[in-house]
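Reader: I'd like to go through this fold with you before I head back to the bench. Could you take me from the overall layout down to individual contacts?

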Amino acid sequence: MVRMSSEPAASPDELAKITDAIYRWNMDRTGDHDYHQVAIFLRDDDGEIRGGVTGGVWGTWLHIVGLWVDEDLRGRGFGRELVLAAEAEAGAAGARRAFLETHSFQAPELYRKLGYVPFAEIEDYPPGSSQLFMRKDLVPPDVDSGTSV
């Protein structure tokens, strides 16, 4: 017998059980088991994390899940450098494209400057804002398709 239980305070390990099961199923279903985690951090002299970018490469796509820079470090180019480092690492792992989600009040202009273009939007999420889905070709299309110009 199974029962349903709402657990808003579930532990990271409990949440990971579901996420890991989805990843395993996706990989088994597609036959693509090549996954590369991306985790690049900004650390201060004490080793404390002051920012970073996280995500992963699967199916030749980099999915940027999170980008953060502590407020007192913003405006110095760290966000840009983190995204570029993630793209370089992802490219070395076989990524040909990248995608991410961001809210209109977060960093869409940073991503646009780095060549990301919106392909979908959820308006009024949260109210008064939007969630944007953005993508970027990491490899020029003529190289990606194997054709020459």
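Author: Gladly, and please keep in mind that this is a predicted model. Among contacts in the protein between residues at least 6 apart in sequence, 49% join residues that are at least 24 apart.

Reader: OK, and how many helices and strands are there?

Author: The protein has 4 helices and 6 strands, and read along the sequence they follow the pattern α-β-β-β-α-β-α-β-β-α. The C-alpha trace spans about 60 × 45 × 40 Å along its principal axes.

Reader: What share of the residues is buried?

Author: Buried residues account for 26% of the 149 residues. The accessible surface of the protein comes to about 10300 Å², and carbon and sulfur atoms contribute 54% of that area.

Reader: Which residues have the most contacts inside the largest nonpolar core?

Author: That core has 21 residues, and the ones with the most contacts inside it are Leu-62, Ile-64 and Tyr-116. The elements giving two or more residues to this core are β1 (35–43), β2 (49–58), β3 (61–69), α2 (78–92), β4 (97–103) and β6 (130–137), with the largest share, 4 residues, coming from α2.

Reader: Let's stay with Leu-62 for a second; what does it touch?

Author: Leaving aside residues up to four places away in sequence, Leu-62 touches a list of residues including Val-38, Val-57, Ala-86, Ala-90, Phe-99 and Leu-138. Glu-87 and Arg-97 are also among the residues that Leu-62 touches.

Reader: Switching topic, how many aromatic pairs are there?

Author: The count comes to 4 aromatic pairs. One of them is formed by Tyr-23 and Tyr-35, which are stacked at 6.1 Å centre to centre with 25 degrees between the planes. Tyr-23 lies in helix α1 (residues 12–30) and Tyr-35 in strand β1, so this pair ties together parts that are 12 residues apart in sequence.

Reader: And how exposed is each of those two tyrosines?

Author: Both are partly exposed: Tyr-23 has a relative accessible area of 43%, while the value for Tyr-35 is 36%.

Reader: Fine, what about Phe-119 and Phe-133, how are they arranged?

Author: Phe-119 and Phe-133 form a tilted pair, 6.3 Å centre to centre, with 55 degrees between the planes. This pair links distant parts of the chain, since Phe-119 is in strand β5 (residues 117–123) and Phe-133 is in strand β6, 14 residues apart. Phe-133 counts as partly exposed at 21% relative accessibility, the cut-off for buried being under 20%.

Reader: Last one, how do the charges add up?

Author: There are 15 positive and 25 negative side chains in the protein, and the centres of the two sets lie 3 Å apart.

How values were computed: Residues are numbered from 1 along each chain as its sequence is written. This is a predicted model: local features need pLDDT of at least 70, side-chain atom pairs count only at pLDDT 80 or more; totals for chains, interfaces and linings use all residues. Side-chain values use heavy atoms; hydrogens and water are left out. Buried means under 20% relative accessible area, exposed over 50%, partly exposed in between (1.4 Å probe, protein chains only). Contact means heavy atoms within 4.5 Å. Accessible areas come from the Shrake-Rupley method with a 1.4 Å probe; for residues, only the protein chains shown count as cover. Lys and Arg count as positive and Asp and Glu as negative; His and the chain ends are not counted. The place of a charge is taken as NZ of Lys, CZ of Arg, CG of Asp or CD of Glu. A nonpolar core is a set of buried Ala, Val, Leu, Ile, Met, Phe, Trp, Tyr and Cys residues joined through side-chain atoms within 4.5 Å. Rings of Phe, Tyr and Trp (its six-membered ring) pair if their centres lie within 6.5 Å; planes under 30 degrees apart count as stacked, over 60 as edge-to-face and the rest as tilted.
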